[in-house]
Amino acid sequence: MEIFEGSWSKMEAVRCRLCGRPVRTNHIDPEDAADTHWMCYHFAYEHDVDPDQPCSDVTCPLRQNEIFRACLRQLGQDPEQLLLSFLDETYRRGTSDRTQRPH
Ligand SMILES: [Zn+2]
Ligand SMILES: [Zn+2]
């Protein structure tokens with residue numbers, strides 16, 4: 001179990017019933033008591049293919065990633081190249097803390 005520090009530990013945070021971590025965003029639907037992260041719910045119940053592959057749901061984050069990449073290609077941009085230059089810039093500015101990877 002993770003230890004949550006700061007203001008979150010003082011609040012009665014709703015915990016995702018699938019992963020147990022606090023749900024910070026407003027994806028809680030009182031209608032069907034889906035007290036889960038949207039992402040956890042999608043991958044547990046809706047995403048019916050390999051988790052590394054996009055499913056047919058247009059709200060699937062992996063599907064959307066694919067759509068955005070296709071749109072970029074249509075605009076004559078190379079998504080991989082854009083990603084690399086973004087990462088390059090982020091490292092150069094030293095503003096990355098969460099995307100940092102060991103070299
Ligand atoms: Zn969750
Ligand atoms: Zn999906």
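These legends walk through several close-up views of a predicted model.

Residues are numbered from 1 along each chain as its sequence is written, while chains are lettered from A and ligands numbered from 1 in the order in which they are written. Because the model is predicted, local features need pLDDT of at least 70 and side-chain atom pairs count only at pLDDT 80 or more, whereas totals for chains, interfaces and linings use all residues.

**View 1. The whole chain is a run of helices.** The chain holds four helices and zero strands, so its elements read α-α-α-α from the N terminus on (helices are DSSP runs of H or I with at least four residues, strands are runs of E with at least two, and both are numbered from the N terminus). Of its 103 residues, 4% count as buried; a residue is buried if 20 or more other C-beta atoms lie within 10 Å of its own, exposed if 12 or fewer, and partly exposed in between, with C-beta atoms placed from the backbone. Among contacts between residues at least 6 apart in sequence, 4% join residues at least 24 apart. Two residues are in contact if their C-beta atoms, placed from the backbone, lie within 7 Å.

**View 2. Confidence changes along the chain.** The mean pLDDT of the chain is 80, and 70% of its residues reach 70 or more; pLDDT is the predictor's confidence in each residue, from 0 to 100. Confidence is highest in H3, at a mean of 95, and lowest in helix H1 (residues 7-10), at 45. Over residues 5-10 the pLDDT stays under 50, and the model has three contacts beyond four places in sequence for them. Where pLDDT is low, the predicted coordinates should not be read in detail.

**View 3. Thr36 sits in the loop between H1 and H2.** Thr36 is buried because 21 other C-beta atoms lie within 10 Å. Leaving aside residues up to four places away in sequence, Thr36 touches Cys16, Arg17, Leu18 and Tyr41. Look for Arg21 too: 15 residues separate Arg21 and Thr36 in sequence, and their C-alpha atoms are 9.1 Å apart.

**View 4. Phe43 is part of helix H2 (residues 38-46).** Phe43 has 17 other C-beta atoms within 10 Å, so Phe43 is partly exposed. Its C-alpha atom is separated by 8.9 Å from that of Cys60, 17 residues apart along the chain. The C-alpha atoms of Phe43 and Cys55, twelve residues apart along the chain, are separated by 9.7 Å.

**View 5. Cys55 and Pro51 share a setting, the loop between H2 and H3.** Cys55 counts as partly exposed because it has 18 C-beta neighbours inside 10 Å. Not counting residues up to four places away in sequence, Cys55 touches His47, Asp48, Val49, Cys60 and Arg63. Pro51, by contrast, is exposed, since 8 other C-beta atoms lie within 10 Å. Pro51 and Leu62 are eleven residues apart in sequence, with 9.0 Å between their C-alpha atoms.

**View 6. Helix H3 (residues 61-74) is followed by a glycine with positive phi.** H3 has 14 residues and reaches 20 Å from its first C-alpha to its last, close to the 20 Å expected at 1.5 Å a residue. The expected span of a helix is 1.5 Å times one less than its number of residues. Just after H3, Gly76 takes a positive phi of about 80°.

**View 7. Helix H4 (residues 79-93) lies largely in the open.** With 15 residues, H4 reaches 21 Å from its first C-alpha to its last, close to the 21 Å expected at 1.5 Å a residue. The number of buried residues among those 15 is zero, so H4 lies largely in the open. Gly94, just after H4, takes a positive phi of about 65°.
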